[in-house]
Amino acid sequence: MAIRLQPQDFDIGNELAALTKGRHNIGGVCSFVGLVRDMAKDENINSMTLEHYPSMTEKAISVIEAEAHKRWPLEGTLIIHRYGKLKPGDQIVLVAAASSHRKAAFEACHFLIDWLKTQAPFWKLEETSKGSQWVNARQSDEQAATRWGASTSDIQNPEK
């Protein structure tokens, strides 16, 4: 299990190789890489700035990661999320789930990105030619996260 919040870019190949190195019990790795788009609401995006409170964000992501390990037989997970000012085409996030079998890896990866998108406390500021605006959560992301059941309030209140 590994979680990293960082401003610098990452190398997908190196990260996945490190996750699986010497781990012959892993039969499959599923990964997702999120990128900054150049369009939102019919406006060109010049940049996106992601902000967070480190201890709060790390704690929330740890709860999400632990939930994935409860639900699926995983041999390892990796979550890297960038913060700071990013440009269109830049990598934002890498999520990987490793398991003995592909089904668990696929499902856990899908779960991790859905819950990460909706439950990890990041604030996104988009800069366009019309100015800057904070990005609100999209209802489609919320719907995707709820398909996994369980309580997302556990993320917001992990001491319960």
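**Helix α3, its core and a buried glutamate**

At 1.5 Å a residue, the 18 residues of helix α3 (residues 102-119) should span 26 Å, and the end C-alpha atoms of this helix sit 25 Å apart, which agrees. The model behind these values is a predicted one. Plenty of α3 is tucked away: its buried residues are A104, A105, A108, C109, F111, L112, I113, D114, W115, L116, T118 and Q119.

Next comes the question of what α3 packs into. The largest nonpolar core has 28 residues, and the members touching the most other members are I61, W72, V95, F111, L112 and L116. Two or more residues of this core come from each of β4 (43-52), α2, β5 (74-82), β7 (91-99) and α3. The top contributor is α3, which puts in 9 residues. Apart from this core lies another one, of 8 residues, with L78, L94, A96 and A98 among them.

F111 deserves a closer look. With a relative accessible area of 0%, F111 is buried. Leaving aside residues up to four places away in sequence, F111 touches I64, E67, A68, R71, W72 and W148.

Then there are the rings. Searching the whole structure turns up 3 aromatic pairs. One of these is a tilted pair between W72 and F111, at 5.4 Å centre to centre with 55 degrees between the planes. W72 sits in the loop between α2 and β5 while F111 belongs to helix α3, so this pair ties together parts 39 residues apart in sequence. Both partners, W72 and F111, are buried. F111 also makes a tilted aromatic pair with W115, where the centres are 4.7 Å apart and the planes 40 degrees. That second pair stays inside helix α3, as F111 and W115 are 4 residues apart, about one turn of the helix. W115 is buried too, at a relative accessible area of 1%. Put together, ring pairs join W72, F111 and W115 into a cluster.

Finally, a charged residue turns up out of the solvent's reach, in the sense that E65 is buried. E65 is part of helix α2 (residues 54-71). No salt bridge is found for E65, and the nearest side chain of opposite charge, that of R4, is 11 Å away. A salt bridge would need a separation within 4 Å. What E65 does touch, not counting residues up to four places away in sequence, is M1, A2, I3, T77, I79 and L112. Of these contacts, L112 leads back to α3, where L112 is one of the buried residues.

Technical notes: Residues are numbered from 1 along each chain as its sequence is written. This is a predicted model: local features need pLDDT of at least 70, side-chain atom pairs count only at pLDDT 80 or more; totals for chains, interfaces and linings use all residues. Side-chain values use heavy atoms; hydrogens and water are left out. Buried means under 20% relative accessible area, exposed over 50%, partly exposed in between (1.4 Å probe, protein chains only). Lys and Arg count as positive and Asp and Glu as negative; His and the chain ends are not counted. Contact means heavy atoms within 4.5 Å. The expected span of a helix is 1.5 Å times one less than its number of residues. A nonpolar core is a set of buried Ala, Val, Leu, Ile, Met, Phe, Trp, Tyr and Cys residues joined through side-chain atoms within 4.5 Å. Rings of Phe, Tyr and Trp (its six-membered ring) pair if their centres lie within 6.5 Å; planes under 30 degrees apart count as stacked, over 60 as edge-to-face and the rest as tilted.
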